[in-house]
Amino acid sequence: MEDAQTCRTLFRNVFNTEISQSFWNWKYGQGRGCSLLARDRAGDVVAHYGATIRRVRLFGQLVSALQSCDVMVRPQERGLLSRRGVFFQIARHFQELYLGSSGEFSLAYGFPHARAMKLPVLLGLYREIDTVTEIHWRPLESSGWLKPVATAIEGPRDIEAIANRLWPKMAAQLNRFIVVDRSADYLRYRYLNHPEFSYQYWLVRSSWTQRPMGLAILKVESDTVKIMDLLADVSNLGRVILSLRRAMRVQGWKTLIAWAAHNQAPYFSGTGGAPHDMGVCIPDHAWTPGLPIETIKNRWWISLGDTDFA
């Protein structure tokens, strides 16, 4: 993208933090993303609306979707919060170009805070289709025999081989959900080849058969651990979480965190987790025609790894 440096400067001015060229390329390079820019009369970029292309299983069918990211407007241009404002104009044009009956994609999503959703909803740009819960767990004492065991693993080949074994069954079990396709290719791009963040990969095995029960991709931040992704037979999700809680005490971790959408959270019941309302929602586009809302309302299956910022 020729204007990447200009957009990175805008990113710094809007979010008061830097984004590296490699991180920007990870999102948008090699045809992975779509961007739309707004310029003032002098030709300077005043707004950017971006999205990364994702392969998504929409009730079992693979489709291409857009994950909105880096939606930003120069601070001086924020005063006009109406349909004449630059935010509305760039968001409207983006949807008309890429989404709905005239565009390449029928589904879009993101993870804005509820406060940030108020204006787009008021302007008729977005509609809320799901909400996000953050679940926290504390360490669990190890007790009893034949409990599933969690161990750290390394090596792309091992991780991809395990994903190829676990994901197809899990994907079939999630046919009534909307879920990002967690194939080995996606895991390689999303985690193994991330330009800035490092992750740990934990395999949970049955103590009885030694067969893989789950693959957990974790981001360790001091004594807090975020579950970025979790691949497992859905009937084993609770046991995988309990195994990770037992590993926490050995590792000295104090808090384990995961994200779950509205109808996904019950799959973690019985694991001792404490839900926290973050005020984060999942929108769909509303300016151009989309999927009937009654078919996609509260149907997402998400993880922290579905974001572009963690």
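Phe59 sits in the loop between strand E2 (45-58) and E3, where helices (H or I, at least four residues) and strands (E, at least two) are DSSP runs numbered from the N terminus. The model is a predicted one, so local features need pLDDT of at least 70 and side-chain atom pairs count only at pLDDT 80 or more, while totals for chains, interfaces and linings use all residues. Residues are numbered from 1 along each chain as its sequence is written, and side-chain values use heavy atoms, with hydrogens and water left out.

Back to that loop: phi of Phe59 is near 55 degrees, a positive value in a residue other than glycine. At 29% relative accessibility, Phe59 counts as partly exposed, on a scale where buried means under 20% relative accessible area, exposed over 50%, and partly exposed in between (1.4 Å probe, protein chains only). Asn16 also has a positive phi, near 60 degrees, and is likewise not a glycine. Asn16 lies in the loop between H1 and H2 and is exposed, with a relative accessible area of 71%.

Ile19 is found in the loop between H1 and H2 as well, but it counts as buried at 3% relative accessibility. Beyond residues up to four places away in sequence, Ile19 touches Arg8, Phe11, Trp24 and Lys27, a contact being heavy atoms within 4.5 Å. From Ile19 to Cys7 the C-alpha distance is 9.6 Å, with their positions 12 residues apart in sequence.

Val63 belongs to strand E3 and is buried at 15% relative accessibility. With residues up to four places away in sequence set aside, its contacts are Arg54, Arg55, Val56 and Leu58. Val63 and Ser198 are 135 residues apart along the chain, and their C-alpha atoms are separated by 29 Å. Over in helix H7 (residues 237-251), Arg245 is a charged side chain that is nonetheless buried, with a relative accessible area of 10%. Arg245 is in contact with Trp137, Arg138, Pro139, Leu140, Leu256, Thr271 and Gly272, leaving aside neighbours within four places in sequence.

Now for the nonpolar cores, meaning sets of buried Ala, Val, Leu, Ile, Met, Phe, Trp, Tyr and Cys residues joined through side-chain atoms within 4.5 Å. The largest one has 67 residues, and Val56, Ile227 and Trp300 touch the most other members. Helix H5 (residues 156-173) provides the largest share of this core, seven residues. A second, separate core of 24 residues includes Ala47, Val86, Met117 and Tyr126. As for Trp300, its contacts outside the four-place sequence window include Val56, Leu107, Tyr109, Phe177, Ala261 and Ile282.

Next comes the empty space. On a 1 Å grid over the protein atoms alone, a cavity is a set of points where a 1.4 Å probe fits but cannot get out, and a pocket is an open set with protein on both sides within 12 Å along at least five of seven lines; lining residues have an atom within 4 Å of a point. Grid points are joined across faces, edges and corners, and a volume is the space filled by probe spheres set on the points. The structure holds one cavity of 30 Å³ or more, and about 110 Å³ of space lies in the largest cavity. Its lining has 14 residues, with Leu230, Gln264, Phe268, Ile302 and Ser303 nearest the centre. Strand E10 supplies the largest share of that lining, four residues. By class, the cavity lining has 10 nonpolar, two polar and two charged residues.

The largest pocket has a volume of about 1,100 Å³. It is lined by 45 residues, and Phe15, Asp70, Val71, Met72 and Pro112 are the closest to its centre. E3 gives the most to this lining, with eight residues. The pocket lining divides into 28 nonpolar, eight polar and nine charged residues.

Finally, the cysteines. A search of the whole structure finds zero disulfides, a disulfide being a pair of cysteine sulfur atoms within 2.5 Å. The sulfur of Cys34 is 9.6 Å from the closest cysteine sulfur, in Cys69, so the two are too far apart for a bond. Both are buried: Cys34 at 8% relative accessibility, and Cys69 with a relative accessible area of 4%.
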